[in-house]
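Where do nonpolar side chains gather in this protein, in its interior and on its surface? The report below takes up that topic for the chain shown here.

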Amino acid sequence: MGKYIVGRILNMIPTLLIVAIIVFLITRLLPGNPAAVMLGPQASAADIKALTEELGLNQPLYIQFVDYIGNLLQGDLGNSLTYNKPVIDLIMERFPNTVILAVCALIISIVIGVPAGIIAARKQNSIFDYLFTTFSLIGVSMPIFWLGIMLVLFFSVNLGWFPATGMGSMEAGAGDFFSHLILPSIALATIPTAQFARITRSSMLEVISQDYVKTARSKGLSEFIVICKHAFKNALTPLLTVLGLQVSSMLGGAVLTETIFSWPGIGLLIIDAIGKRDFVVVQNMVIFIALIYVVVNLVVDILYKVVNPRIKYSSNKGGS
């Protein structure tokens, strides 16, 4: 297990390096001078030249890349010119807000999606199962930007129940904080809820037909014990895969959700940086999101072993 974790950590390095190369080339090989784009059309030639030298864009491409990678290895993500502060400080300010939104959405997804999937599997081919299939398909297919706008229009504009945008503060009271959190959490949780429900249903259908489940029932155990202790535990592995993907996506920056609700997380930070042509922030935020993905995938692989000790890991292949 320890060798596998070390091997996976080492495998993260080339993955992040490839992402860094791609991001670097995209930001450097696009037509035009990034310094001129960042300063805008009213900038003087002297200002553009000074910023070009400050960013090192006057150096040969390979020297720029070596400097960029060297700074990344030292944890130096550069400074944002539009925000006038280090990028790492921007991440530390915004990332906790994204975590709050993602955790709340994840709780909603699991609390609703997993039980719905279990019930649908238990009542296969019933009216509930058909309704479940219909609503889960709608949930997976529903565009987040449309749902977010509809939630704001109905619950904020028409009913006035919740604030339309922004993030509440605990200093203003728990009511203010959670009232701002509800609508973006629901919007962000819609697709994960449907996916959790669908994968739980399919996994449970495979498990509840196994002989050991039938044996547990024949021993007179209650249906609750049979489902929760015997069936659901063995259906967890596929669910963990979906969980890892959804957590990565949420923590990586719920760009659409944060933009619609003006939630001050890293998703909104990326959109703002793109609008302000701050390529330093954009390229380093992409690296940060890639790091989140690989770390979450590593944690999920470790959870596989915790949930199912029979899984054997290989340091070369990653698991079997």
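The text that follows goes from the whole chain to its cores, then to one buried serine and a surface patch.

This is a predicted model, in which local features need pLDDT of at least 70 and side-chain atom pairs count only at pLDDT 80 or more, while totals for chains, interfaces and linings use all residues. Residues are numbered from 1 along each chain as its sequence is written, and side-chain values use heavy atoms, with hydrogens and water left out.

The protein chain has 14 helices and 2 strands, taken as DSSP runs numbered from the N terminus (helices H or I of at least four residues, strands E of at least two). Of its 320 residues, 41% are buried, where buried means under 20% relative accessible area, exposed over 50% and partly exposed in between (1.4 Å probe, protein chains only). Among contacts (heavy atoms within 4.5 Å) between residues at least 6 apart in sequence, 71% join residues at least 24 apart.

A nonpolar core is a set of buried Ala, Val, Leu, Ile, Met, Phe, Trp, Tyr and Cys residues joined through side-chain atoms within 4.5 Å. The largest such core has 57 residues, of which Met204 and Met285 touch the most other members. The elements that give two or more residues to this core include those in the table.

| Helix | Residues |
|---|---|
| H1 | 2-29 |
| H4 | 61-73 |
| H5 | 87-122 |
| H10 | 223-234 |
| H11 | 236-251 |

Helix H5 gives the most to this core, with 11 residues. Leaving aside neighbours within four places in sequence, Met204 is in contact with Ile118, Ala121, Ile227, Ala231, Phe232 and Ala235. A second, separate core of 6 residues includes Leu147, Leu151, Val152 and Phe261.

Ser203 is found in helix H8, which spans residues 174-207, and it counts as buried because its relative accessibility is 6%. A polar atom of the Ser203 side chain lies 2.8 Å from the backbone oxygen of Ile199. Not counting residues up to four places away in sequence, Ser203 touches Ala235 and Pro238.

On the surface, Phe145, Trp146, Ile149, Met150, Leu153, Val157 and Leu256 make a nonpolar patch of about 660 Å². Helix H7 (residues 144-158) gives the most to this patch, with 6 residues. Ile149 has its place in helix H7, and Ile149 is partly exposed because its relative accessible area is 45%. Patches are made of residues with over 30% relative accessible area and no salt bridge, nonpolar side chains being joined within 5 Å and like charges within 9 Å.

Technical notes:
A polar contact is a pair of N or O atoms within 3.5 Å; within protein, one must be able to donate a hydrogen and the other to accept it, and residues adjacent in sequence count only if both atoms are side-chain atoms. Accessible areas come from the Shrake-Rupley method with a 1.4 Å probe; for residues, only the protein chains shown count as cover. A salt bridge is a side-chain nitrogen of Lys or Arg within 4 Å of a carboxyl oxygen of Asp or Glu.
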